[in-house]
Amino acid sequence: VPAAAGVLESFSLDGDAVLVTGGAGGIGAAYAEACAEAGGDVMLADIDADGAESTAAELAEAAGADVRAVACDVTDEDDVRDAVDATVDAFGGLDVTFANAGIGRLFDPVHSQDLEHWREVMAVNLDGVFLTTRESAAAMRADEGGRIVTTASVLGLVGTETPGLSAYVASKGGVVQFTRQAAVELGPDIRVNAIAPGWVHTGIGGGMMREDAPGMEPVQEQMRQETALGRLGYPADLKGLALFLASPASAYCTGAVYRNDGGYTTT
Ligand code: NAD
């Protein structure tokens, strides 16, 4: 049964508790902003505790919402459990989780890819999404269910001509498949979907995606040319889709991967 009669009301998160990993900046902060603007109470969980605190203060002020922060390394089981518990304690439950924290740097090409680097990427991007989903699902199941949104990437769906991204591409392909399987195993009371952003100006990769990243202009120009909308994305470009998937507006959506890539994967 559709959750709300009025479509605009179905986008409301009024009174909902939201957890965002990697919420200190970039895409996670934009997800958090969307949820706070829609009436949700939001916990930012990030390894960058100071960054999460200051982003929480900014969002709380701008949206007039309850936004808080907790220090959390998503590769650490206890940290993830504590972040979920902190959200439940602060807001009385957990309705929405964005398993978003991720890293991605250019490493060596496959034939000389270092195992330590490979494992570092897998630990954050794949183990982190698994742990965040597991701990969130346990809390949601103890209550009325909820919605989980993972951050995959278009690079979980296609390869790239840029060498040195094999660990990242593999980890995001893993997020895509994990999301599908989690949706089957956690339904019907928990919906699980993935957002697959294209290239977005954020701090990822030590800042290589930032608009003014030194030396990155030729690479970014190539990405732009491969993007139907003729520009790279900004975190705010992801807010609408994030709110759709976090809210009852997407009541009949689960196990799906939503591209938000300006048309990067159309060719
Ligand atoms: P970002 O670096 O701006 O933000 C990532 C956040 O995650 C940071 O606040 C960082 O402190 C946090 N983080 C890193 N390791 C962590 C850990 N172990 N535990 C907890 N927090 C940790 O990058 P972003 O671009 O906003 O990335 C967010 C997500 O979006 C990632 O999963 C990334 O792979 C994905 N993504 C980004 C792009 C892009 O072009 N920027 C494209 C597709 C997907």
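**Notes on the cysteines and the ligand site**

1. Let's start with Cys 72. Its relative accessibility is 5%, so Cys 72 counts as buried. Keep in mind that this is a predicted model.

2. How many disulfides does the structure hold? Zero. A quick reminder of the chemistry: a disulfide is a covalent bond between the sulfur atoms of two cysteines. Cys 72 is in no disulfide, and its nearest cysteine sulfur, the one in Cys 35, sits 17 Å away.

3. Why is there no bond from Cys 253 to the closest cysteine sulfur? That sulfur belongs to Cys 35 and is 16 Å from the sulfur of Cys 253, which is too far for a bond; a disulfide needs the two sulfur atoms within 2.5 Å. Cys 253 counts as buried too, because its relative accessibility is 17% and the cut-off for buried is under 20%.

4. Now for the ligand. The space it takes is the largest pocket. Two elements give two or more residues to the shell around the ligand: α1 (26-37) and α5 (166-186).

5. Which residues are closest to the ligand? Of the 28 that surround the ligand, the closest are Ile 27, Asp 46, Asn 100, Tyr 168 and Thr 202.

6. Have a look at the ligand's oxygen atoms. One lies 2.5 Å from an N or O atom in the side chain of Thr 202. For Val 200, a polar backbone atom is 2.8 Å from a ligand oxygen. With Lys 172, a polar side-chain atom is 2.9 Å from an oxygen atom of the ligand. Taken alone, the ligand exposes 820 Å², and the protein buries 90% of that.

Key:
Residues are numbered from 1 along each chain as its sequence is written. This is a predicted model: local features need pLDDT of at least 70, side-chain atom pairs count only at pLDDT 80 or more; totals for chains, interfaces and linings use all residues. Side-chain values use heavy atoms; hydrogens and water are left out. Buried means under 20% relative accessible area, exposed over 50%, partly exposed in between (1.4 Å probe, protein chains only). A residue is near a molecule or strand if one of its heavy atoms lies within 4 Å of it. A polar contact is a pair of N or O atoms within 3.5 Å; within protein, one must be able to donate a hydrogen and the other to accept it, and residues adjacent in sequence count only if both atoms are side-chain atoms. Accessible areas come from the Shrake-Rupley method with a 1.4 Å probe; for residues, only the protein chains shown count as cover. On a 1 Å grid over the protein atoms alone, a cavity is a set of points where a 1.4 Å probe fits but cannot get out, and a pocket is an open set with protein on both sides within 12 Å along at least five of seven lines; lining residues have an atom within 4 Å of a point. A molecule sits in a cavity or pocket if more than half of its atoms lie within 2 Å of its grid points. Helices (H or I, at least four residues) and strands (E, at least two) are DSSP runs, numbered from the N terminus.
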